[in-house]
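Let's take a walk through this structure together. Keep the 3D view open and follow along as we go.

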Amino acid sequence: MGSRGAAHDFHPSPASMSSSHRTSNIAHRTSPRIVVLGGGFAGVYTARRLLKRDANLDVHLVNRENYMVFQPMLAEVLSGCVGIADTVSPLRRLVPRATLHMRDVESIDLSNRQVTLSPGFKPRARVLDYDHLVIAMGNVTDFRGMTGLAEHAMPFKTLGDALALRNHVIHALEEADAEADDHLRQAMLTFVVAGGGFSGVECLAELHDFVRRAVKSYQHISLHDCRFILLHSRDRILPEVDPTLGEYAQHLLKKRGIDLWLGGRLDAATATEAIRSDGRRIHTRTLVSTVPSHPNPAVAALSDTLEPVGGMNDRGKLLTDSTCRVIGTENLWAVGDCAMIPVKVAGNGGEKADDAKATYAPPTAQHAIREADVCGDNIIATLRGKPTRDFDFAGLGSLAALG
């Protein structure tokens, strides 16, 4: 069996496979196999770094789609300022020497060094053995425990979400233009976004721009008829940036007529209302939620194994040392939004670590790309018995597009 063809299909669960079967599968490989889970900035750039440093490595990249989305421009896709094709890059072009698996991750078996992937055309799961595993799966939008959000709130995390929201807004405008019931018409022209971080602020700013341009084509709608509301649990938006910049952004949005409802989170939703934690209700037919963000289920399932050794916190984030290796493990690495990587650089905008002098790298693309380089270098250093290096990046600054 060749080094790139060792993935195998099977009927029983990984636990039911004999140890000789697993050993035989690994023994036929001629070079170390590194499996990278996730096709975002962190995962793709890790695979690129590994193959750039050593073209003979057996690198496998797992992602649901065969393309990478430039996430920072999803809001511009919503407004139509950026074309869809300009935000996606084919993975086979970005990492041509990697073996790509277009599947979901069903489970990760750390003790047996195996990853189980969802079935493809064959109704069978696929199992990948690995020597080193890199988890770069980011987070997922999960409305469990929040009444009505799963049914009535729209997420804003993927390219499909941006397109669905754009189509929904167009439909709301079309319906409102011909609606005689003033109460229903106002609800259709009220657009609510929950979450005052980068995603929520940029989404609402571009949504405002899109509607402002679109209403010029309707006979019975003006921008004055439309209402835009941003819900945020904190006292100011954009907590990721300097307070003065966050205040400037608030002033700019208010100047455009956007209402900021601060100090209370979105708690529930119905088909006709968004309900805040303080009981205030907003009549709307367009509710977008950029929160909450939760670990990927396959990552969350590792808690029983990793929490006792300090490799996962109580929010399901993978805790690493400064080399991007998950604490308490030898061959497990984590980068990107699902990881908490300590950096001792003042003012990097990250989250405070337990050590008062340290912070964790923030979940931005510029950090993910550099984490990937460090992770790739350290995996190769580990394979070669060489010293590893620490991740230490201060950041180039933050940018939020406000339409």
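Here is a tour of a sheet, the helices beside it, a hairpin and one more helix.

First, some ground rules: this is a predicted model, in which local features need pLDDT of at least 70 and side-chain atom pairs count only at pLDDT 80 or more, while totals for chains, interfaces and linings use all residues. Residues are numbered from 1 along each chain as its sequence is written, and side-chain values use heavy atoms, with hydrogens and water left out. Helices (H or I, at least four residues) and strands (E, at least two) are DSSP runs, numbered from the N terminus.

Let's start with the sheet. Strands of a sheet pair through backbone hydrogen bonds, either parallel or antiparallel. This one is an open sheet of five strands, paired in parallel in the order E6-E3-E2-E10-E22; two strands count as paired if DSSP finds at least two bridges between them. Strand E6 (99-101) and strand E22 (332-334) sit at the edges with a single partner strand each, so one side of each has no neighbour in the sheet. From one strand to the next, the twist averages 20° (axes are lines fitted to C-alpha atoms, for helices over the stretch in contact, and angles run from 0 to 180 degrees between N-to-C directions).

Now zoom in on strand E10 (residues 132-135), which pairs with E22 over three parallel bridges. There, Val134 has Trp333 of E22 as its bridge partner. Helix H12 (residues 365-384) packs on the sheet, touching E2, E10 and E22, and its direction makes about 170° with that of E10; contact means heavy atoms within 4.5 Å. Helix H2 (residues 41-53) lies across strand E2 (33-37), strand E3 (58-62) and E10, and runs at about 170° to E3.

Next comes the hairpin formed by E7 and E8, with four residues between them. Strand E7 (residues 105-109) and strand E8 (residues 114-117) pair in the antiparallel sense over four bridges, and Ser107 has Thr116 in E8 as its bridge partner. In the turn, Arg113 has a positive phi of about 55°.

Last stop: helix H9. Which of its residues are buried? They are Gly246, Ala249, Gln250, Leu252 and Leu253, where buried means under 20% relative accessible area, exposed over 50%, and partly exposed in between (1.4 Å probe, protein chains only). These buried residues cover an arc of only 165° around the axis, which puts them on the same side of H9; the arc is that of the directions from the helix axis to the C-beta atoms. They pack against helix H8 (198-214) and strand E15 (258-262). The face turned away from the buried side carries the exposed residues Thr244, Tyr248, His251, Lys254 and Lys255. After H9 comes Gly257, with a positive phi near 95°.
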